[in-house]
Amino acid sequence: MAEGRVIRAISGFFDVQDGEKVRRCRARGVFKKRGTTVLVGDKVLYEPIGNNEGVIGEVLPRTTELVRPPIANVDHVVVACSFVTPDLNLYMLDKTLVAAALAGVEPTVVLTKSDLVVSERAEEIVKLYRGIGYETYAIAAKFGSGVAQIRARLKGRISVFAGPSGAGKSTLANALLPGLHLQTGEVSEKIGRGKQTTRHVELFQMDAESWVADAPGFSQLQLELASRDLREYFLDFTEPAQACGYRGCLHLDEEGCGVKDAVERSQIALSRYASYRQLYHEIREQELNEYS
Ligand SMILES: Nc1nc2c(ncn2[C@@H]2O[C@H](COP(=O)(O)OP(=O)(O)OP(=O)(O)O)[C@@H](O)[C@H]2O)c(=O)[nH]1
Ligand SMILES: [Mg+2]
Ligand SMILES: [Zn+2]
C-alpha cells in the first residue's frame, strides 16, 4: 500500500495527496465497523485504483487531534477572531485557547479586521494576550496588513484556522495563498453573525514543509477536562495563585485568593477572570449532569 495525507473530506470521500498526485478515496468498510473515522490531516495507507482513485486501508497514528475544527496532526492552530462583525467574543477566544492546550497544539492569536477598530482598542487586546504569553497579531487580511507575519508563523508547520464564522479565516487563507480564491461571505447585518460560508475542512500546501487548513467557523465547543483542572490552563493565573490561602483554591469564592486580588489590582484582566468563572461553571454543570 502507498502512503498519503488526507487533504479534504467530502460526503464519504477522502482526497489523499501523495506527492503531486491527489486521489479520491473511499475508506474500507471495516473502518465504520470499528468506529474509526478518517480525518483531514490523517496520514493513511491506501490501495491505488486506476489513475485517480483508491481505498484507504489504514489510518496511521495521530500526533494530535482536534474536535473543532475536526483535523488530525496539526501542530499549530491560528485562533482567528474579529474585533467587530462579528463582535469580539473573548469568552470564546479564551475557551478555544484552552481547547488548543488540551490537544497539545500551539496557538497563535490572530485578531482580524483591525481596519474597523481604533488602534487603541486593537493594541489593548494584543497587549493583553501577549502579556499572558500568547503570540498575538492584529491584522487586516482584506488589505494585506499583517499577512506576512502570519505567513512567517505558518512556516514549517501544519496549521489550522479556528474561530467563529465570519472572522475572516478564508480571507486570510486567500491572502496567504494567491490563486486560492476560496469563497468568503458577508456577515449578516441583522444578526451580526457569519453565514457559515466555508463548509469543509481543507488542507492547502504552502511549500514543501508548510500546510494550512481552512475550516468552517464554529460557535459551540466542548472542553474535555475536569472543572478543578481548568485553572491550570489560565496561564496568567499561575503567578498570582501562589498567594492563595488554600492550596486547592479554585479562585471562585475562597477567602484570601491571590487571583481575585490580582483581578482587583487589574493585574489579571477582568475579561479573563470572567471567562474562567463562566467556563468553570459550564464544565461543573456537565459534571453534575453526568453523575446524577
Ligand atoms: N473590513 C474587513 N473585512 C474583512 C477582513 N477580513 C475579512 N473581512 C470580511 O469578513 C467577511 C467574512 O470573511 P470570511 O473570510 O468569509 O470569514 P470566515 O471566517 O472564513 O467565515 P466562515 O467560512 O463562515 O467560517 C467577508 O465579508 C470579508 O470580506 C478585514 O481584514 N477587514
Ligand atoms: Mg470561511
Ligand atoms: Zn485563589
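Over the ring of which residue does the charged end of Arg5 sit? In this predicted model, the charged end of Arg5 sits over the ring of Trp211, at 5.9 Å from the ring centre. A second arrangement of this kind involves Arg130, whose charged end sits over the ring of Tyr137, 5.5 Å from its centre.

According to the UniProt record, an unreviewed entry, the annotation "domain: CP-type G" covers residues 63-221. Over residues 63-221 the chain is 28% helix and 24% strand, with the end C-alpha atoms 21 Å apart.

Contacts between aromatic rings were also examined, and six aromatic pairs were counted. In one of them, the ring centres of Phe237 and Tyr276 are 5.3 Å apart and the planes stand at 70 degrees, an angle over 60, so the pair is classed as edge-to-face. This pair links distant parts of the chain, since Phe237 lies in the loop between strand 13 (210-214) and helix 6 (258-264), whereas Tyr276 belongs to helix 7 (residues 270-291), the two being 39 residues apart. Phe237 is buried, with a relative accessible area of 1%, and Tyr276 is likewise buried, its relative accessible area being 0%.

Tyr276 also pairs with Tyr280: the ring centres are 6.3 Å apart and the planes are at 40 degrees, so this pair is tilted. Both Tyr276 and Tyr280 lie in helix 7, where a separation of four residues corresponds to about one turn of the helix, and both are buried. Taken with further partners, these residues form part of a cluster, in which ring pairs link Phe234, Phe237, Tyr273, Tyr276 and Tyr280.

Note on methods:
Residues numbered from 1 in each chain as written. Chains lettered and ligands numbered in written order. Predicted model: local features only at pLDDT ≥ 70, side-chain atom pairs only at ≥ 80, totals over all residues. Heavy atoms only, no water. UniProt positions renumbered as here; feature names shortened; annotations may be inferred. Phe/Tyr/Trp six-rings, centres within 6.5 Å; stacked < 30°, edge-to-face > 60°. Buried < 20%, exposed > 50% of the residue type's maximum accessible area, 1.4 Å probe, protein only. Lys NZ or Arg CZ within 6 Å of the ring centre and 35° of its normal.
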